[in-house]
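Biologist: I should like to understand how the terms used for a protein model are justified. Please take me through the reasoning step by step.

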Amino acid sequence: MQLTPFCLVLSCLQVSPDRSQYFRYDTVSLSCEDQLNSTGWKVKRRTEEGGIRPCSSSWGTSSSASTCIIRNIYPSDTGVYWCESEDGERSNAVNITVSDRAVLLESPALPVSDGAAFSLLCRAESQSSNHTYDFHKDGRSVGSSSTGKLTIPDASKSDEGLYTCSIPGVGESLGSWVAVKGSLPPSSSAPTTGSCSVSVPRLICHLLVGTPYLVSTILLGLICRDRNRAARMAAERRGSNDVIMEIVV
């Protein structure tokens with residue numbers, strides 16, 4: 001990614017472990033990463049309770065750091081997380097869900113690249129070798145497993161959707177959205193939770209840099225046009241004032 005003059009390169013939010021659902025009391029690490037190693041990025045969140053606030057790390061770690069580690073995560077930590085700079089620029093957003101159900105679906109929190117493989121893992125709080133795991137996408141069955149793992153070997157846009165898993169006699173997980181990003185930037189203007197986007201301040205920055213060049217080009221064109229018009233008018237006036245004299249012998 002190239003640095004635009006006077007503009008910042010956006011940070012991207014990374015989640016570890018890379019999944020969107022967690023059992024209560026799990027640990028999750030969220031960190032802001034950018035190619036310039038600049039400072040001032042903070043992990044922020046919007047929870048179901050409403051309002052935007054910094055992500056608070058456990059065990060007294062400063063919430064102003066670019067990494068937020070939440071230990072003993074709880075359902076109240078469910079929400080949307082992102083990185084934000086001191087200038088108000090934002091990174092991609094990630095949905096984190098803390099489940100209080102007996103069944104959990106582990107799916108990628110970040111978008112999956114087109115053509116890459118990804119796995120879904122269905123887990124029960126009380127593990128048993130006798131479980132059968134059923135997977136669904138958008139309400140339709142996409143397979144079953146005796147190990148709790150379902151692998152999609154070659155992801156495409158058709159694999160994008162809302163996934164759930166269930167264990168007969170135990171329960172069903174919450175839904176998790178799996179996004180698939182193509183090799184080329186999407187033409188749609190619809191926002192996605194996993195991709196970094198250009199913020200309004202950066203767009204204004206481009207306009208401020210490019211507008212003077214555009215205005216100066218227009219002015220030069222107008223000046224050249226006026227000069228050519230004046231030259232033609234002067235030539236016409238000289239032609240009308242010429243007198244043709246005939247000498248008769």
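Biologist: What is the accessible surface of the protein, and how much of it belongs to carbon and sulfur atoms?

Modeller: The model is a predicted one. Its accessible surface comes to about 15,500 Å², and carbon and sulfur atoms make up 55% of that area. The protein has 249 residues, of which 34% count as buried. Its secondary structure consists of one helix and 18 strands.

Biologist: What share of the contacts in the protein comes from residues 24 or more positions apart?

Modeller: Among contacts with a separation of 6 or more, such residues account for 62%.

Biologist: Why is the pair Glu106 and Arg123 called a salt bridge?

Modeller: The term requires a side-chain nitrogen of Lys or Arg within 4 Å of a carboxyl oxygen of Asp or Glu. For Glu106 and Arg123 the N to O distance is 2.6 Å, so the pair meets the definition. The two residues lie in distant parts of the chain, 17 residues apart: Glu106 belongs to strand 9 (residues 103–106) and Arg123 to strand 11 (residues 118–124). Both also take part in a network of salt bridges that links them with Arg19 and Asp26. The structure holds eight salt bridges.

Biologist: Why does Glu106 count as buried, and how is Arg123 classed?

Modeller: Buried means under 20% relative accessible area, and partly exposed lies between that value and 50%. Glu106 has 15% relative accessibility, so Glu106 is buried. Arg123 has 23%, and therefore Arg123 is partly exposed.

Biologist: What makes Lys137 and Asp138 a salt bridge?

Modeller: Their closest N and O atoms are 3.1 Å apart. The cut-off is 4 Å, so the pair qualifies. Lys137 is buried, with a relative accessible area of 16%, whereas Asp138 is partly exposed at 47%.

Biologist: Where does Asp138 stand with respect to strand 12 and strand 13?

Modeller: Asp138 is in the turn of the hairpin that strand 12 and strand 13 form, with two residues between the strands. Asp138 has a positive phi of about 50° there. Strand 12 (residues 133–137) and strand 13 (residues 140–145) run antiparallel and are joined by five bridges. Within this pairing, Phe135 stands opposite Gly143 in strand 13.

Biologist: How do you know that Lys157 is exposed, and what links Lys157 to Glu160?

Modeller: Exposed means over 50% relative accessible area. Lys157 reaches 53%, so Lys157 is exposed. Glu160 has 22% and is partly exposed. The side chains of the two meet in a salt bridge, with 3.3 Å from N to O.

Biologist: What makes strand 3 and strand 6 a pair?

Modeller: Two strands pair if there are at least two bridges between them. Four bridges join strand 3 (residues 28–33) to strand 6, so the two pair, and they run antiparallel. Ser31 stands opposite Thr67 in strand 6. These strands belong to an open sheet of three strands in the order 1-3-6, with antiparallel pairing. Strand 1 (12–16) and strand 6 (67–70) are the edge strands, since each pairs on one side only.

Biologist: Why are strand 2 and strand 5 called edge strands in the sheet with the order 2-8-7-4-5?

Modeller: This open sheet has five strands and mixed pairing. Strand 2 (21–23) and strand 5 (52–54) each have a single partner strand, so one side of each is left without a neighbour in the sheet. Neighbouring strands of this sheet are turned by 30° against each other on average, direction ignored. Strand 2 runs parallel to strand 8, and three bridges join them. Across this pairing, Gln21 stands opposite Thr97 in strand 8.

Biologist: Which residues touch the most other members of the largest nonpolar core?

Modeller: They are Val15, Leu30, Val43, Ile70, Tyr81 and Ile96, in a core of 19 residues. Strand 1, strand 3, strand 6, strand 7 (79–84) and strand 8 (90–99) each supply at least two residues of this core. A second, separate core has 17 residues, including Val103, Ile152, Tyr163 and Val180. In soluble globular proteins, nonpolar side chains tend to be buried together.

Technical notes. Residues numbered from 1 in each chain as written. Predicted model: local features only at pLDDT ≥ 70, side-chain atom pairs only at ≥ 80, totals over all residues. Heavy atoms only, no water. Buried < 20%, exposed > 50% of the residue type's maximum accessible area, 1.4 Å probe, protein only. Contact = heavy atoms within 4.5 Å. Areas by Shrake-Rupley, 256 points an atom, 1.4 Å probe, with all protein chains shown as cover. Core = buried A, V, L, I, M, F, W, Y, C linked by side-chain atoms within 4.5 Å. Axes fitted to C-alpha atoms, helices over the stretch in contact; angles between N-to-C directions.
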